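Colleague: Could you take me slowly through a single part of this model, the small sheet and whatever packs against it? I would like one connected account rather than a list.

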Amino acid sequence: MKDLTARDKKHLWHPLTQHKLQSDMMGITKAKGAILYDENGREYIDGIASWYTSMYGHCNDYILEKVKRQMEVLDQVVFSGFTHEPAIKLSEELIKILPPNQQKIFFSDNGSTATEVGIKMALQYHFNKGNKRKVLLAFEEGFHGDTFGAMSVSGLSVYNGPFEDYFIEVERIPPPTKGNIGDILFQLNSSLDLNDIAGFIYEPLVQGAAAMKMHDAEGLNTILKLLKNNQVLLIADEVMTGFGKTGKNFASDHIDVKPDIICLSKALTAGLLPMAVTSCTQDVFDAFYSDEISKGLFHGHTYTANPLACAAALAGLELLQSEEIQKDIQRVVQSHKEFGVKIKQHPKVSAIRQCGIIFALDLDIKTERYGNLRNRLFNFFMEHGVFLRPLGNTIYILAPYIITDAQLSKIYESIELVLNEVV
């Protein structure tokens, strides 16, 4: 197991990596709770829950036991033509906590496929009804994944540049603020007159890949109300925000107008196994319910509704709704608030923001999304035993709910150090 870094270089191609510029990959040998361990035995606090997945801690004993039991009974079966208890039970438990208009659950593999399914649902919904609506609406700087539909509606060209000539048609609006909502509504009313917008895909309240940019819930609600009144399907991408991160089960719970379609992954299976869900209303499902086979949603993945992933998700939902985890969430929220009061006074901090357990601060300096400063920040944090991934000039925390107060304090201390010694 030793020399993972050297062995890695021979065959592996990593995501979001320019290998000619990237330094060696660090070998991680195990993880427990909020701690990652490298091959030399060093410890790192996982300050981003490994891309917002392991929210109940790595190798959570309760989740592992539930998956182990399932593994001994049913490991995998095709989900086309068959069904099984873990998938049925998971659908029942999800419907209990999703917004009340959600009725149907479609399984896939990851966040990109969850949004891809949502996009296809919206486009085919209108196609099946005989409506010529082929345009999708999305926020500027949104990010929804790396498959083609998901890339089409994403606004970060650093990821999408080589493929833009092949995208579906998308119109973009800025996220709402108190100052721009009037202009957004004017733009939307002009666009809606053309009657060609099929759906609006949005990250509610927090745009993750856009450096945790946060927008106005009241303004978003106004936008959603206008679009719903014009038969535009609302697609909430809650891949990042779902399962408690905003202080409620879903970011959509903060907003009066509920989405027609919701995309979920990441914390869905507590970081243990890959799986995704796209939920929808009965009205959306009914548009595909037909004597014509071609009106069905012909989209599928080999590991759709994998029983082991469903078991992990069910265990995660139990934990999410437990008194202990809910107290942990509120503890982290309050800790971030206290840190925010302190750190916003720092002369090298231009802004802070928080939504639930998501905390972000902007450095008072311009820098590339990927570049020398970002790398120096990342390396500094790792040298101090903290795993954070700055996005441009934004440093953010999105740690597991079970992180200890001492571990949170060490993250905060490392941020203060980086402000004083690196920036």
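Modeller: A residue is called buried here when its relative accessible area is under 20%, and that cut-off is needed for what follows about the central strand. The model is a predicted one, and the account below should be read with that in mind.

The part in question is an open sheet of three strands, arranged in the order E13-E14-E16 with antiparallel pairing. Strand E13 (349-355) and strand E16 (394-397) are the edge strands, and because each has a single partner strand, one side of each is left without a neighbour in the sheet. Direction ignored, neighbouring strands of the sheet are turned against each other by 15 degrees on average.

Taking the pairings in turn, E13 and strand E14 (residues 358-363) run antiparallel and are joined by six bridges. Among the bridge partners across this pairing, Arg353 is matched with Ala360 in E14, and Val349 is matched with Leu363, also in E14. The hairpin of E13 and E14 has two residues between the strands, and in this hairpin Gly356 takes a positive phi near 65 degrees. On the other side of the sheet order, E14 and E16 pair over four bridges, again in the antiparallel sense; here Asp362 has Thr394 in E16 as its bridge partner.

What, then, is the state of the two faces of E14, covered or not? In a regular strand the side chains alternate between the two faces of the sheet. For E14, Ile358, Ala360 and Asp362 lie on one side and Phe359, Leu361 and Leu363 on the other, and all of these are buried, which leaves both faces covered. Since six of the six residues of E14 are buried, the strand is largely enclosed by the rest of the structure. Asp362, a charged residue by class, is thus among the buried residues of E14 as well as the bridge partner of Thr394 in E16.

Two helices lie across the sheet. Helix H12 (residues 323-343) lies across E13, E14 and E16, and its direction is at about 165 degrees to E13. Helix H14 (residues 405-421) likewise lies across E13, E14 and E16, running at about 170 degrees to E16.

The two helices also pack against each other. Two packed helices are described by the angle between their axes and the distance between the axes. For H12 and H14 the angle is about 25 degrees and the axes are 11 Å apart, so H12 is roughly parallel to H14, given that angles under 35 degrees count as such. The crossing of H12 and H14 is right-handed. On the H12 side, the contact is made by Arg331, Val332, Ser335, His336, Phe339, Lys342 and Ile343, and these meet Asp405, Leu408, Tyr412, Ile415, Glu416 and Leu419 in H14. Sorted by class, the contact of H12 with H14 has seven nonpolar, two polar and four charged residues.

Put together, the picture is of the strand order E13-E14-E16, with the residues of E14 buried on both of its faces, and with H12 and H14 each lying across the three strands while they pack against each other at about 25 degrees.

Technical notes. Residues are numbered from 1 along each chain as its sequence is written. This is a predicted model: local features need pLDDT of at least 70, side-chain atom pairs count only at pLDDT 80 or more; totals for chains, interfaces and linings use all residues. Side-chain values use heavy atoms; hydrogens and water are left out. Two strands pair if DSSP finds at least two bridges between them. Axes are lines fitted to C-alpha atoms, for helices over the stretch in contact, and angles run from 0 to 180 degrees between N-to-C directions. Contact means heavy atoms within 4.5 Å. Angles under 35 degrees count as roughly parallel, over 145 as roughly antiparallel, 65 to 115 as roughly perpendicular and the rest as oblique. A crossing is left-handed if the near helix is turned anticlockwise from the far one by less than a right angle, and right-handed if clockwise. Buried means under 20% relative accessible area, exposed over 50%, partly exposed in between (1.4 Å probe, protein chains only).
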